[in-house]
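Suppose a colleague hands you a model and asks how its features should be read. The dialogue below takes that request one feature at a time.

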Amino acid sequence: MNDRDSGTMAQVEKRGGLLRKSSASKKPLKEKVVLMYDEIFMTEDPSKCSPRFWEELFLMKVNLDYLEGKLESLDGEELMKIKDNINCLFQHCIQALGEEHPIRVVNALQTLCALIRGVHQKNKSTSGFDIINMLMGFDKAELCMKNLMESLDSLLCAEGSESLKSLCLKLLLCLVTVTDNISQNTILEYVMINSIFEAILQILSHPPSRREHGYDAVVLLALLVNYRKYESVNPYIVKLSIVDDEATLNGMGLVIAQALSEYNRQYKDKEEEHQSGFFSALTNMVGSMFIADAHENISVQTNEAILLALYEAVHLNRNFITVLAQSHPEMGLVTTPVSPVPTTPATPLGTTPPSSDVISTVELPLDADVQTSNLLITFLKYSSIVMQDTKDEHRLHSGKLCLIILTCIAEDQYANAFLHDDNMNFRVNLHRMPMRHRKKAADKNLPCRPLVCAVLDLMVEFIVTHMMKEFPMDLYVRCIQVVHKLLCYQKKCRVRLHYTWRELWSALINLLKFLMSNETVLLAKHNIFTLALMVVNLFNMFITYGDTFLPTPSSYDELYYEIIRMHQSFDNLYSMVLRISTNTGQWKEAASKVTHALVNIRAIINHFNPKIESYAAVNHISQLSEEQVLEVVRANYDTLTLKLQDGLDQYERYSEQHKEAAFFKELVRSISTNVRRNLAFHTLSQEVLLKEFSTIS
């Protein structure tokens, strides 16, 4: 036997719980815990022959692979034969959680993980009720789960070991993610009845436990909130919506901000690695920033879990909105450890939770003003990264979720108040996609402005950079809706925002030009008239109400200048929608709505163009300057007649259940799969735990 064969043999034996390599004549010895597992897999009660069987079992180091593998190897009938023993093992695990010896508790928690996973793996096709029966027995399930949840709650709230708390959270994550579709996991009914919500809040409100366990606690909460959320009353939704404790909400905000910060930092590092040239940088980043290596193609999966937590907090809890704007003092603490925190290149970005609050100190230098980082800024930066490239399904989902979160923020009165607050100015350095026709913006020249300017910049950036054949129609619609909702607030509250509105107008006109030049290709997949109507109505909003929210009278003049300067685009759009609305076809009605919406834009063009031409002729000027055109505009406002259009400042409020249920169901499935995969690989290592509990008194 050569060395390679013997190495393989040793590995096989280790997995099988063998203690030494076999020689030709002798059978290998199995480790004691494996022999004990084998007894459980017999039909006899193992404690008949040895009364101290269960007591001894939990003093043995768990062999997870063997136990799970054994459960998976049995067929349904064989499993039913040993059901009583499995029920017995499950119950003894729960009893052991109340023991004083931490070793027993650790082993019981890990055994429960193996049992839950092993039985589910084997019974993927069977119903949740059968799995409950297999693990606990129907008659004992309610009491069993009550005891289990109470023990986990006590361990999570106790002053004791951080490793035990960590393991409790891993067990709960294991329990929640064991099925692909979380709502089909019947065991979670017991997690609903025996709530651990308060334990999760306690972790988030205490800085030491939040640093250790905040990430897992937030992901667990986000998943629990999504259990049968449309079919029944989910107590976690109800409770999350009424939390008003500042320390808890800030704790949750910190965990989310930190995970997003860490992602932004890793992205920035990657970007700097590939600064050899814009286009090589772009291909390299898109190729490698989200993907660990050839066989590991998870994209922003785990960050989607954190993003989901942010969404649920913003969507369900009005009090959380205040957390978005709070600067985080802990993020400014320069208490970085002496040795830098290692980052493994083999891990996809964002899949490992940051290990402590101090990591995010790296986030701050990205802002010119160190004091002004908060969750919203971090989220906007994160959004500017994931929304850059939407060709990959995961990034598309992430981009969509970012826009849904921004939609909820743009509808909230309090959020709008601080977004538009002139006394809260920030420099927000968003990521911009490298493009041939524009220079890279110098970060240092960023002005200090209200936060709404950064949101508008992000929307303009998205509009400009995603005009492509694989057109992300849904994201464009959401993007225009966010802008519209912000304008509605500005109109209602008469907020005169000093923003470079020209950039937005120019981006919107370019979008209309793109829709027209790709009419045939796009119409095969999308109703482009819905989007065209939304864009035209944004212009109508500026025309009708601009004098109430544009910063100065001259900016209202500039709006007219842009419409007149780009009149050819509006004329072409009118010709296109008129052609389609006069033909009989599926787009007739949608196109005719755009025709009607263009009435004021056409009135402006038809009113001012002849006057500009006449001014040029009288003054013998072939090419008028901008100032000369503006002079003509100002002189001829009085004779312009516009129609009052109804409903420009009205919008349909965001509703998850009616419009987004399918998206969230798919998203939660993808997050659940990813959380389960990460748990399976690296979280149940015993070395750390056993080091902590190396002595058994």
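What follows is a conversation between a learner and a teacher about this predicted model.

Q: Before going into detail, how many helices and strands does the protein chain have, and what share of its residues is buried?
A: A good habit is to begin with the whole chain and only then turn to single elements. The model is a predicted one, and its protein chain holds 35 helices and 2 strands. Of the 697 residues in the chain, 56% are buried.

Q: What part of the contacts joins residues 24 or more positions apart?
A: Here one looks at how far along the chain the partners of a contact lie. Among contacts in the protein chain with a separation of 6 or more, 77% are between residues 24 or more positions apart.

Q: How should I read the length of a helix, and what span is expected for helix α7?
A: The idea is to set the distance between the end C-alpha atoms beside the span expected at 1.5 Å a residue. For α7, residues 83-96, the 14 residues should span 20 Å, and the end C-alpha atoms are indeed 20 Å apart, so the two values agree. Helix α10, residues 138-157, has 20 residues and reaches 29 Å from its first C-alpha to its last, which is close to the expected 28 Å. Helix α23, residues 451-465, reaches 22 Å with its 15 residues, close to an expected 21 Å.

Q: Which residues of these helices are buried?
A: Burial is read residue by residue along each helix. In α7 the buried residues are Lys83, Asn85, Ile86, Asn87, Leu89, Phe90, Cys93, Ile94 and Ala96. In α10 they include Ala141, Cys144, Met145 and Leu148, and further along the helix also Leu152, Leu155 and Leu156. Helix α23 is mostly covered, with 13 of its 15 residues buried.

Q: When two helices pass each other, what should I look at, and at what angle do α29 and α30 cross?
A: One reads the approach of the axes, the angle and handedness of the crossing, and then the residues that meet. The axes of α29, residues 567-582, and α30, residues 588-597, come within 8 Å and cross at roughly 145 degrees, and the crossing is left-handed. From α29, Leu573, Tyr574, Val577, Leu578, Ile580, Ser581 and Thr582 take part, meeting Lys588, Ala591, Ser592, Val594 and Thr595 of α30. Sorted by class, this contact has 7 nonpolar, 4 polar and 1 charged residues.

Q: How do I read the surroundings of a single residue, and is Phe53 buried or exposed?
A: Accessibility is a convenient start, followed by the partners in contact. Phe53, in helix α4, residues 53-57, is buried, because its relative accessible area is 2%, under the 20% cut-off. Apart from neighbours within four places in sequence, Phe53 is in contact with Met36, Glu39, Ile40, Pro46 and Ser47. The C-alpha atoms of Phe53 and Met36, 17 residues apart along the chain, are separated by 8.1 Å.

Q: Where does Val178 lie, and which residues is Val178 in contact with?
A: The reading applies to loops as well. Val178 lies in the loop between α11 (162-176) and α12 (188-193), and at 10% relative accessibility Val178 counts as buried. Leaving aside neighbours within four places in sequence, its contacts are Ile116, Arg117, His120, Asn185 and Arg676. Gln121 is 57 residues away along the chain, and its C-alpha atom is 8.4 Å from that of Val178.

Q: How many disulfides are there, and why is Cys168 not in one?
A: A disulfide is a covalent bond between the sulfur atoms of two cysteines. The count here comes to 0 disulfides. The closest cysteine sulfur to that of Cys168 belongs to Cys113 and is 9.7 Å away, which is too far for a bond. Cys174 is in no disulfide either, its nearest cysteine sulfur, that of Cys113, being 4.3 Å away. Cys168 is buried, with a relative accessible area of 0%, and Cys174 counts as buried at 3%.

Q: What is the phi of Arg494 and of His620, and where do these residues lie?
A: The sign of phi is the point to check in residues other than glycine. Phi of Arg494 is near 50 degrees, a positive value, and Arg494 lies in the loop between α24 (473-493) and α25 (501-517). Phi of His620 is likewise near 50 degrees, and His620 lies in the loop between α31 (599-618) and α32 (626-635). Arg494 is exposed, with a relative accessible area of 58%, and His620 counts as exposed at 73%.

Key. Residues are numbered from 1 along each chain as its sequence is written. This is a predicted model: local features need pLDDT of at least 70, side-chain atom pairs count only at pLDDT 80 or more; totals for chains, interfaces and linings use all residues. Side-chain values use heavy atoms; hydrogens and water are left out. Axes are lines fitted to C-alpha atoms, for helices over the stretch in contact, and angles run from 0 to 180 degrees between N-to-C directions. Helices (H or I, at least four residues) and strands (E, at least two) are DSSP runs, numbered from the N terminus. A crossing is left-handed if the near helix is turned anticlockwise from the far one by less than a right angle, and right-handed if clockwise. Contact means heavy atoms within 4.5 Å. Ala, Val, Leu, Ile, Met, Phe, Trp, Tyr, Cys and Pro count as nonpolar, Asp, Glu, Lys and Arg as charged, and the others, Gly among them, as polar. The expected span of a helix is 1.5 Å times one less than its number of residues. Buried means under 20% relative accessible area, exposed over 50%, partly exposed in between (1.4 Å probe, protein chains only). A disulfide is a pair of cysteine sulfur atoms within 2.5 Å.
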